[in-house]
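Visitor: Please show me the structure, and then let us discuss its cysteines and one of its sheets.

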Amino acid sequence: MYNKMAIPKRVNIIITLEFNLILLYTGAIQTCTVGVKQPSLLEVDYTYQTITIPCDFSAINCPETQPQVLWFRQNVHHQLENLCPDQCLDQRGKFTMTLSQIPNQTSLTLNKVTLNDSAIYFCGIAFSASTEPRSKQTGPGTMLVVRGSKLLSHEVENFLIAALCLLSMYTAVLSAVFIVISKSKLKETKKIETDAPPPKKRSARHIFQEIAQELYQKRYVETKLGERDDNIYENRRAQSNFEKP
C-alpha cells in the first residue's frame with residue numbers, strides 16, 4: 001500500500017519540476033534579469049582634462065528600487081581597483097559618477113586625465129533587493145587609451161576622408177577617360193590604314209622604261225662632261241701657242 005501511494009507522489013513531483021522549468025524558460029516565472037552595455041574603446045590624448053565613460057543597462061522583472069552602480073578598472077598590471085566605494089559624488093575628486101535623467105543610464109567621469117588612466121573600465125549594476133543571480137551583472141568593459149601625442153579632431157578626420165574619397169573618384173574618372181580616348185584613337189588609326197588605297201602594281205614595260213630613261217640621263221651627263229673636258233684642253237692649247245715668241 002505504501003509503495004502504491006509513493007509512486008503517484010513521485011510522478012507529481014517530477015511533473016511539477018518539469019512544469020516549473022518550462023515556465024522558467026518561457027518567462028512565466030518572474031526573474032530579475034540585468035543587461036549592461038558599454039562602448040568597447042575610447043581614445044583621447046593628453047590635452048583632455050576630463051573624459052566620460054557611458055554605461056547603459058536594462059532591467060527586466062527587477063524591483064523598482066534604484067540599483068547600485070559600481071565601477072572598477074583593470075590596469076596594465078591586471079590589478080582590479082574599486083573606483084567608487086563611496087558612490088563618487090564629489091565633483092572635485094578624481095572620479096565622478098552620475099545617473100542620467102534618461103532611465104537606465106549612468107556614467108563615470110575621469111577628471112585631470114593622465115597617461116596612467118589608460119585601463120579597462122567595468123560598469124556593474126546590482127539590484128540588492130533581488131536574490132536572483134542575474135540581478136547583478138557587469139558590462140564587457142571599456143578600454144580607455146590616453147595617448148601622449150595629440151590626436152586629430154573628428155572634423156579634420158572627416159575632411160581628410162572626404163578629400164581622399166574625392167581624389168580616388170577623380171583618379172578613377174581620369175583613368176576611364178584615358179582608356180576611352182586611347183581606344184578611339186586606335187580605332188581611327190586602324191580605319192585610316194583600312195581606307196588607304198593599296199599601292200599600284202607596276203608593269204614590266206613601265207619598269208623597263210624607267211631603266212632606259214635612267215641610262216639615257218647617265219649617258220647624257222657623261223657626254224656633256226667629255227665635251228667640257230675637250231673644250232678646256234683646246235683653250236689651254238691655244239693659250240700656250242699664243243704665249244710662244
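The following exchange concerns disulfides and a sheet.

Guide: This is a predicted model, in which local features need pLDDT of at least 70, side-chain atom pairs count only at pLDDT 80 or more, and totals for chains, interfaces and linings use all residues. Residues are numbered from 1 along each chain as its sequence is written, and side-chain values use heavy atoms, with hydrogens and water left out.

Visitor: Is the disulfide of Cys32 and Cys62 right-handed or left-handed?

Guide: A disulfide is taken as a pair of cysteine sulfur atoms within 2.5 Å, and those of Cys32 and Cys62 lie 1.9 Å apart. The torsion about their S-S bond is about 95 degrees, so the disulfide is right-handed.

Visitor: Why does Cys62 count as buried or exposed?

Guide: Buried means under 20% relative accessible area, exposed over 50%, and partly exposed in between, with a 1.4 Å probe and protein chains only. Because its relative accessibility is 17%, Cys62 counts as buried.

Visitor: Which residue does a disulfide join to Cys55?

Guide: The link has -80 degrees about the S-S bond and is left-handed. Both partners are buried. With an S to S distance of 2.2 Å, the partner of Cys55 is Cys123.

Visitor: What is the order of strands in the open sheet of four strands?

Guide: Strands are DSSP runs (E, at least two residues), numbered from the N terminus, and two of them pair if DSSP finds at least two bridges between them. E6 and E7 pair in the antiparallel sense over five bridges. With antiparallel pairing, the order in this sheet is E1-E3-E7-E6.
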